[in-house]
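I opened this notebook to record, entry by entry, what I looked up in a structure that was new to me. The structure itself comes before my notes.

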Amino acid sequence: MRDFLFSMAHVTEQAAAASFPWIGTGNKIEADRASTEAMRAALNRIPFRGRIAIGEGEMDEAPMLYIGEVVGNGSGPLFDLAVDPLDGTTPAAKGQGDCIAVLAGAPHGTLLHAPDMYMEKLATGTEAKGAVHLDAPIEANIQAVARAKNKAVKDVTVIVQDRSRHQKLVQRARHTGAKVKLFHEVDVTAALATALPDHDIDLFVGIGGAPEGVVAAVAIKCLGGDFQGRLLPDDQQQLARCQQMGLDNPNQLLNLHDLVASQQCFFIATGVTDGLLVDGVKKNSQGELATHTFMVDGVSNEIRVVQTIHRPEQVLMK
């Protein structure tokens, strides 16, 4: 498993390094294309049989790694993947922080297989696992987290994406006396922060992309926390697509086991720009790129942060 994980780390490193020339250029389309093409090429060199269970595109939306796409060289273990070659395309194009290349995986049939749509989400770390519920009012969840972590409500921090759809949620959370930390992009790292002891974040709530939700759920499972979600199809076409992919009740609450049904899972993220989880890609005077990668798996629960130096000829450049 260890060798396989490092092979997968090479995938996100290649995606991050390929997007590096586009940071700050204002061209998010090319940044996304470069990272996607590099991720696909790197995946296809690995001896495994992979399927994109949930991603950000359909087959007719190239160059995205589309849902159902088969990757790997066709030999070895069979895995489902949830991917985002460049999570944070807009901030990357603007030269802003917290952009990552990320993938998560689990044995075939154990990751949620669903279309790209919105998802309602809730995450917390080990101490409050089982104490919160997606359908409970935010006030009740804040109180539950405070009790579970032996904190005063005023010392609880809730992290929420800075979007107009969350305005009332933020107001209600602040009304309890809890602190609210707003972030702009990349809710994978925001959710993951609830399960990392180095970050004073207690609860993640809000609505965001379903692929990012599955990626975050895998990371949270590896770290022993709790994640719950609910898909939010906004029309009959999305509803029918869910049902075609085996979700008879697309509006059901999805607990952590529904999202990732195996402990033999892994989460890997390489920084594109400096962020909450890891540093971004750096270039030295010799033209070499340094990448910084966060890795965790559900069997060992060991966290690794790896720095890798890449020679110029080892990465797909602009």
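**Entry 1: a loop and its exposed lysine**

I began with Lys94, which lies in the loop between α3 and β4. I looked up its accessibility in this model, which is a predicted one, and found that Lys94 is exposed, with a relative accessible area of 57%. I then took a distance across the chain: the C-alpha atoms of Lys94 and Ala290 are 21 Å apart, although 196 residues separate the two along the chain.

The loop between α3 (89-93) and β4 (100-107) also holds Asp98, so I checked that residue too. Asp98 is partly exposed, at a relative accessible area of 25%, and its phi is near 70°, a positive value in a residue other than glycine. I noted the background to this: most residues other than glycine have a negative phi.

**Entry 2: further positive phi values**

I searched for other residues of this kind and came to Asn301, which is not a glycine and yet has a positive phi of about 60°. Asn301 sits in the loop between β12 (289-297) and β13 (303-310), and with a relative accessible area of 39% it counts as partly exposed. I also wrote down Asn150, which comes just after α4 and takes a positive phi of about 55°.

**Entry 3: the chain as a whole**

I stepped back to look at the overall fold, and counted nine helices and 13 strands in the chain. The radius of gyration is 19 Å, close to the 20 Å that the globule rule gives for 318 residues, so the chain is as compact as a globular protein of that length. Along the principal axes, the C-alpha atoms fill a box of roughly 55 × 45 × 40 Å.

I next asked what share of the 318 residues counts as buried, and the figure I found is 54%. Among contacts with a separation of 6 or more, 69% are made by residues that stand 24 or more positions apart. The accessible surface comes to about 13100 Å², and 48% of it belongs to carbon and sulfur atoms. For the charges, I found that the mean positions of the 29 positive and 38 negative ones lie 3 Å apart.

**Entry 4: the nonpolar cores**

I kept in mind that nonpolar side chains tend to be buried together in soluble globular proteins. The largest nonpolar core here has 50 residues, and Phe227, Leu231 and Phe267 have the most contacts inside it. Helix α7 (residues 210-223) gives the most to this core, with 10 residues. Apart from it I found another core, of 35 residues, with Ala17, Met39, Leu81 and Ile268 among them.

I followed Leu231 further and, leaving out residues up to four places away in sequence, listed what it touches; among its partners are Ala114, Met117, Tyr118, Cys242, Pro250 and Leu254.

**Entry 5: helix α4 and its neighbours**

In helix α4 (residues 138-148), I noted Ile138, Asn141, Ile142, Ala144, Val145 and Ala146 as the buried residues. Which elements do the buried residues of α4 pack against? I found that they pack against β5 (118-124), β6 (157-161), α5 (167-175) and β8 (203-209).

**Entry 6: two glutamines in strands**

Gln161 lies in strand β6, and I wanted to know whether it is buried or exposed. Its relative accessible area is 9%, so Gln161 is buried, as the cut-off for that is under 20%. Beyond its neighbours within four places in sequence, Gln161 is in contact with His166, Phe183, His184, Glu185 and Ile207.

I then turned to Gln228, whose place is in strand β9 (residues 226-231). Gln228 also counts as buried, at 6% relative accessibility. Not counting residues up to four places away in sequence, Gln228 touches several others, including Glu120, Lys121, His133 and Leu253. The C-alpha atoms of Gln228 and Lys179 are separated by 22 Å, and the two are 49 residues apart along the chain.

**Entry 7: an exposed glycine**

My last look-up was Gly26, in the loop between α1 (2-19) and α2 (28-43). Gly26 counts as exposed, at 56% relative accessibility. From Gly26 to Gln244, 218 residues apart along the chain, I noted a C-alpha separation of 37 Å.

Key. Residues numbered from 1 in each chain as written. Predicted model: local features only at pLDDT ≥ 70, side-chain atom pairs only at ≥ 80, totals over all residues. Heavy atoms only, no water. Helix = DSSP H or I, 4+ residues; strand = E, 2+ residues; numbered from the N terminus. Rg over C-alpha atoms; globule rule 2.2 N^0.38 Å. Buried < 20%, exposed > 50% of the residue type's maximum accessible area, 1.4 Å probe, protein only. Contact = heavy atoms within 4.5 Å. Areas by Shrake-Rupley, 256 points an atom, 1.4 Å probe, with all protein chains shown as cover. Lys, Arg positive; Asp, Glu negative; His and termini not counted. Charge placed at Lys NZ, Arg CZ, Asp CG, Glu CD. Core = buried A, V, L, I, M, F, W, Y, C linked by side-chain atoms within 4.5 Å.
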